[in-house]
Amino acid sequence: VSLAAAERMLAAAQARATELGAAVAIAIVDEGGQLKAFHRMDGLASAVPIDLSQMKAYTAASFRTPTQMLAESNLDNPARMASIPNVPRVTLMAGGYPITEGEVLIGGIGVSGSSPENDVAIAEAGVAALQEA
């Protein structure tokens, strides 16, 4: 994912967060899971969402699926549900999405700091901004 694309995604995600009245951390990683861009909104006092947003982005890129879908698809597999979160930098918390260009994975976006529903909506807004460009 290019820096220009990441910046568009950050702007769209922040705009959606502002609409929702949510202060969040937004992380974008490249296809290898390395941090490409990061934004912490004013009003986000806790350090936890900073780490979680990056974990969500990394997980979505690594598994090539939204984090909430990864969690849901493994509910009936206790061994996987117990194992996946023990992998460093991986989380099953909602708010992470893979970023694709066509069928090619180019990164991941993760949002943390609000409700799971808001984190998902904000991340989706970021992904949509890239698809519209």
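Mentor: Let's begin with a term: a strand is a DSSP run of E with at least two residues, and strands are numbered from the N terminus. Ala27, for instance, is found in strand 1. Please keep in mind that we are looking at a predicted model.

Trainee: Happy to. How many helices and strands does the chain have, and in what order do they run?

Mentor: There are five helices and four strands in the chain. Reading from the N terminus, the order is α-β-β-α-α-α-β-β-α.

Trainee: How do I read the overall dimensions? What does the radius of gyration agree with?

Mentor: The idea is to compare the value with what a compact globule of that length would have. For 133 residues such a globule would have a radius of gyration near 14 Å, and the chain, at 14 Å, agrees with this. Along the principal axes, the C-alpha atoms fill a box of roughly 40 × 35 × 20 Å.

Trainee: And the contacts? What share of those with a separation of 6 or more joins residues 24 or more positions apart?

Mentor: In the chain, that share is 63%. A case you can find by eye is Ala27 and Ile109: they are 82 residues apart along the chain, yet 5.6 Å separates their C-alpha atoms.

Trainee: Let me stay with Ala27. Is this residue buried or exposed?

Mentor: The general test is relative accessible area, where buried means under 20% and exposed means over 50%. Ala27 has 0%, and therefore counts as buried. Setting aside neighbours within four places in sequence, its contacts include Leu35, Ala37 and Phe38, then Ser53, Gln54 and Ala57, and also Gly108, Ile109 and Gly110.

Trainee: What percentage of the residues in the chain is buried?

Mentor: Buried residues make up 47% of the 133. As for the surface, its accessible area comes to about 6500 Å², with 53% of that belonging to carbon and sulfur atoms.

Trainee: How should I think about a nonpolar core?

Mentor: In soluble globular proteins, nonpolar side chains tend to be buried together. Here the largest nonpolar core has 24 residues, and those touching the most other members are Met9, Val24, Ile26, Ile28, Ile99, Ile109 and Ile122. Two or more residues each come from helix 1 (3-20), strand 1 (25-30), strand 3 (96-101), strand 4 (104-112) and helix 5 (116-132).

Trainee: Which element gives the most to this core?

Mentor: Helix 1 does, with six residues. There is also a second, separate core of six residues, among them Ala71, Ile84, Val90 and Leu92.

Trainee: Could we look at one of those well-connected residues? What does Val24 touch?

Mentor: Not counting residues up to four places away in sequence, Val24 touches Ala17, His39, Arg40, Met41, Leu44, Val111, Ser112, Gly113, Ser114, Asp119 and Ile122. Turn to Ala17 next: its place is in helix 1, and it is buried at 0% relative accessible area. Beyond its neighbours within four places, Ala17 is in contact with Ala22, Val24, Met41 and Ile122.

Trainee: What about polar residues? Is Gln68 buried or exposed?

Mentor: Gln68 is buried, because its relative accessible area is 16%, which is under the 20% cut-off. The residue lies in helix 3 (residues 67-73). Leaving out residues up to four places away, it touches Ala94, Gly95, Gly96, Tyr97 and Val120. By contrast, Glu124 in helix 5 counts as partly exposed, at 39% relative accessibility.

Trainee: How do I read backbone phi values?

Mentor: Most residues other than glycine have a negative phi. Positive values in other residues are worth a look, and Arg64 is one case, with phi near 55°. Arg64 lies in the loop between helix 2 (48-63) and helix 3 and is exposed, with a relative accessible area of 57%.

Trainee: And where is Arg89?

Mentor: Arg89 sits in the loop between helix 4 (78-83) and strand 3. Its phi is also positive, near 70°, and it is partly exposed at 39% relative accessible area.

Trainee: Finally, how many charged side chains of each sign are there?

Mentor: The chain has 8 positive and 14 negative side chains. To read their distribution, compare the centres of the two sets: here they lie 5 Å apart.

Note on methods: Residues are numbered from 1 along each chain as its sequence is written. This is a predicted model: local features need pLDDT of at least 70, side-chain atom pairs count only at pLDDT 80 or more; totals for chains, interfaces and linings use all residues. Side-chain values use heavy atoms; hydrogens and water are left out. The radius of gyration is taken over C-alpha atoms; the globule rule is 2.2 Å times the number of residues to the power 0.38. Buried means under 20% relative accessible area, exposed over 50%, partly exposed in between (1.4 Å probe, protein chains only). Contact means heavy atoms within 4.5 Å. Accessible areas come from the Shrake-Rupley method with a 1.4 Å probe; for residues, only the protein chains shown count as cover. Lys and Arg count as positive and Asp and Glu as negative; His and the chain ends are not counted. The place of a charge is taken as NZ of Lys, CZ of Arg, CG of Asp or CD of Glu. A nonpolar core is a set of buried Ala, Val, Leu, Ile, Met, Phe, Trp, Tyr and Cys residues joined through side-chain atoms within 4.5 Å.
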